[in-house]
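Work through the exercises below with the sequence and the model in view, and try each task before reading its solution.

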Amino acid sequence: GGSGVDAQHELKGVSQPIPLLQRDLETPCLTEKMVEDLLLKAKTSTPADYRELNRMLWMVFTHPESLNKSFLLPNGFPHENENEQDNNPNNRITVDVPAVRRVYSSLFELEVDSIKNSMINALDMYCAQLKRNKGIGATASLNHFVVIFENPLLHSPEFMGVFSKFLQELTSIPLQRREVLVQWYSSYPTKDLERFVSSLQQFITLQLLLLAEDNHGYTSYVPQADLGVSSATSALMLFFFANLVSAKRANTMRPMSLNFSSIAAQRRPELVQTNDSDYHKLLTRLQLHPANAVSIPIPMSEFINEQLNSVVSMSVDYRREAQSGLNEEKEFSFLEHPFILNTEKKVEKLFRDNLFRMVSERHRTLFHSVLTGVPDTPFLLLRIERNNFLMDTLVQLEAIADLNPIDLRKQLRVVFRGEEGVDEGGLQKELFQLLVETLFNPKYGMFLYDEEYHHHLFNPASYETEEQYKLIGLLLGLAIYNSIILDIRFPMVVYRKLIGCETVFEDLYSSHPQIASSLKQMLEYKPEENVGLSLNDTFMATFQVSYSDMFGNVCSHSLKEDGDSIDVTEENREEYVSLYTDWLLNTSIAKSFDAFKHGFDLVMGDSCLADLFVAEEVEMLVCGCNEWDLDALEASTRYDGFTRHHPVIVNFWQIVREFDDKQKKQLLAFITGSDRIPLGGLSKLKFIIVKNGPDSDRLPTAHTCFNALLLCAYSTKEKLRERLLKALTHGKGFGMI
């Protein structure tokens with residue numbers, strides 16, 4: 001190595017090289033200087049002779065014990081006392097990683113086949129040694145895993161077989177030891193973590209493609225049963241947590257909350273069950289939760305493997321997850337590694353959970369009816385008078401929530417009195433749409449609508465009762481539980497609070513962006529940069545804040561006692577910002593939001609919501625998505641009485657593509673009962689167009705329960721457009737002809 005390497009040695013304080021003849025012959029080891037000397041000796045031989053180097057590489061890289069004593073940081077050799085290591089987990093890994101990387105670079109830049117072969121064969125033998133001696137993974141030092149994981153050969157598609165063996169051994173060590181690796185890698189620069197994540201994702205993708213090729217298609221194999229895929233996913237989990245720990249060290253994680261809408265997230269370390277997944281155990285041990293991330297080095301989307309999501313069967317995974325808690329020998333499932341799944345796949349888990357609860361409630365109701373002789377409906381049945389739909393819904397849901405809240409877990413059915421129709425989903429959507437339009441109308445006073453940012457805020461000066469906010473929470477919970485998409489626009493902080501996250505200053509940017517910007521300016525204000533003007537001279541703020549009630553009257557609130565007489569200064573500005581943030585996000589709306597959350601939790605409180613989803617995904621569960629992919633809708637549409645190339649169908653799609661956004665929403669609401677796009681996009685609608693007879697002046701009709709549009713065989717495009725637009729404009733209510 002040249003002077004640059006020597007300078008890095010001095011910077012890292014690398015210890016003096018151990019002479020080759022003085023090493024412990026039973027456990028040979030290497031240092032960077034020894035490798036340099038062996039390389040120099042080999043290159044200066046005539047001809048070049050790498051045999052001694054290869055012999056030494058083989059001796060060290062085939063034995064974990066040798067690697068544990070190689071490439072060590074100065075004054076950081078592994079402790080021999082097991083108990084001391086348990087008390088000092090960060091002392092277990094003592095690898096000089098920059099030195100290891102320089103060694104690998106020096107070895108492989110020569111492109112000598114014998115070196116490459118020696119190293120890959122050594123890796124194979126190393127994995128065999130670990131497999132034979134499972135105790136190695138539980139020993140004092142984990143250095144060997146770190147050294148091997150840095151080997152660039154390991155991450156080459158050419159050597160996937162060896163990589164798979166290594167990952168199987170890495171992920172089979174005790175969870176406590178893997179937690180040490182999480183802490184170790186959390187200190188790595190982001191670009192290094194990204195490199196490891198990318199390598200593991202590449203391995204998973206290639207392994208899936210190879211499995212598909214070997215099995216003549218994706219349908220004939222189970223990815224969960226492949227040791228390569230499962231071990232790579234488990235290894236990816238270590239870097240997922242390292243990413244979160246890194247964010248925690250940078251103070252970009254929220255305080256840990258005990259109020260999550262989650263079973264696993266509420267567990268204390270001493271209450272973790274033995275049949276919990278490693279993922280949930282690490283959540284508890286590290287006191288972390290993905291929903292708490294304010295800012296993280298690697299976006300969570302980088303941990304999602306789309307190739308996997310395109311082929312994995314969630315019905316198989318759901319069964320494997322359910323059985324893993326019952327069997328002593330756990331079956332691998334991706335639901336126990338949710339970071340790798342996209343939102344659509346995780347929603348399948350939630351919906352299956354909800355369906356299971358609905359079926360359980362049906363069985364309970366039937367059993368109760370048989371035992372008591374008292375007939376009981378297996379559904380949550382709401383009988384609504386259309387002219388009094390708000391009070392009817394409020395009274396019935398309030399009675400159920402107070403007298404028999406378990407009935408809220410039944411499948412929802414809606415009947416509009418005096419109207420025909422069996423509710424197969426369409427009537428529910430229509431009722432919820434009517435309720436949302438009324439309850440979120442600013443004139444009603446429960447919510448304020450921000451015209452600039454297009455979202456609803458809880459009104460701190462609302463005169464409505466807590467019961468009505470509880471009703472809205474119930475509606476939100478029932479909507480998720482019964483897979484109904486709502487046209488509700490809350491700032492993201494509402495969804496964060498809904499799943500139990502603590503609020504932080506950054507949340508103001510989603511709900512009160514202008515106030516957040518002003519407070520940020522206050523925190524960063526420097527008098528010396530502003531002609532010597534003090535902070536109070538510039539902002540003229542006190543610990544009293546103002547807001548408007550629903551009639552436009554200005555009201556005041558003191559953030560602390562005698563707040564109107566306490567000026568905000570450089571010394572107390574952080575306290576002011578903290579108190580003001582808490583008042584805006586929590587205190588001012590505490591009663592109404594607590595009632596709202598209580599209603600929501602009556603339905604979703606013990607679900608896996610916070611176990612699987614972050615706030616952005618919960619918003620998608622409630623509101624759907626915003627992608628108007630008409631190509632996907634057309635490709636997935638089925639026809640009854642028409643063909644894809646029938647003139648009426650060709651004209652229909654041409655007309656729809658000419659619609660503006662408002663008309664597209666009207667069409668979606670006309671067909672499905674809601675103008676919201678379901679999670680996963682328009683292709684998930686199962687849209688069907690049915691022929692409703694020959695050419696006629698009748699308007700198009702729809703069966704919202706089945707997402708079916710009934711069209712006559714209109715003779716011209718202009719007639720179809722005119723009839724369709726008239727139906728969209730005037731067609732509200734079930735069975736409109």
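On a 1 Å grid over the protein atoms alone, a pocket is an open set of points with protein on both sides within 12 Å along at least five of seven lines, while a cavity is a set of points where a 1.4 Å probe fits but cannot get out, and lining residues have an atom within 4 Å of a point. Grid points are joined across faces, edges and corners, and a volume is the space filled by probe spheres set on the points. The model is predicted, with local features needing pLDDT of at least 70 and side-chain atom pairs counting only at pLDDT 80 or more, whereas totals for chains, interfaces and linings use all residues. Residues are numbered from 1 along each chain as its sequence is written, and side-chain values use heavy atoms, with hydrogens and water left out.

**Exercise 1.** Describe the largest pocket and its lining.

*Solution.* Begin with the volume, which is about 1,300 Å³. Next, look at the centre of the pocket: of the 35 lining residues, Phe351, Asn482, Ser483, Ile484 and Lys684 are the closest to it. Then turn to the elements, where helices (H or I, at least four residues) and strands (E, at least two) are DSSP runs numbered from the N terminus; helix H16 (343-372) gives the largest share of the lining, eight residues.

**Exercise 2.** Find which elements supply the lining of the second largest cavity, and give the classes of its residues.

*Solution.* The structure holds six cavities of 30 Å³ or more, and the second largest has a volume of about 80 Å³. Helices H28 (630-636) and H30 (661-672) each supply at least two residues of its lining, the largest share, four residues, coming from H30. For the classes, Ala, Val, Leu, Ile, Met, Phe, Trp, Tyr, Cys and Pro count as nonpolar, Asp, Glu, Lys and Arg as charged, and the others, Gly among them, as polar; the lining has nine nonpolar, no polar and one charged residues.

**Exercise 3.** Is Lys470 buried or exposed, and which residues is Lys470 in contact with?

*Solution.* Locate Lys470 in helix H19 (residues 466-481). Buried means under 20% relative accessible area, exposed over 50%, and partly exposed in between (1.4 Å probe, protein chains only), and Lys470 counts as buried because its relative accessibility is 9%. Finally, with contact meaning heavy atoms within 4.5 Å, and leaving aside neighbours within four places in sequence, Lys470 is in contact with Ala401, Asp402, Ala595, Phe596, His598, Gly599 and Leu602.
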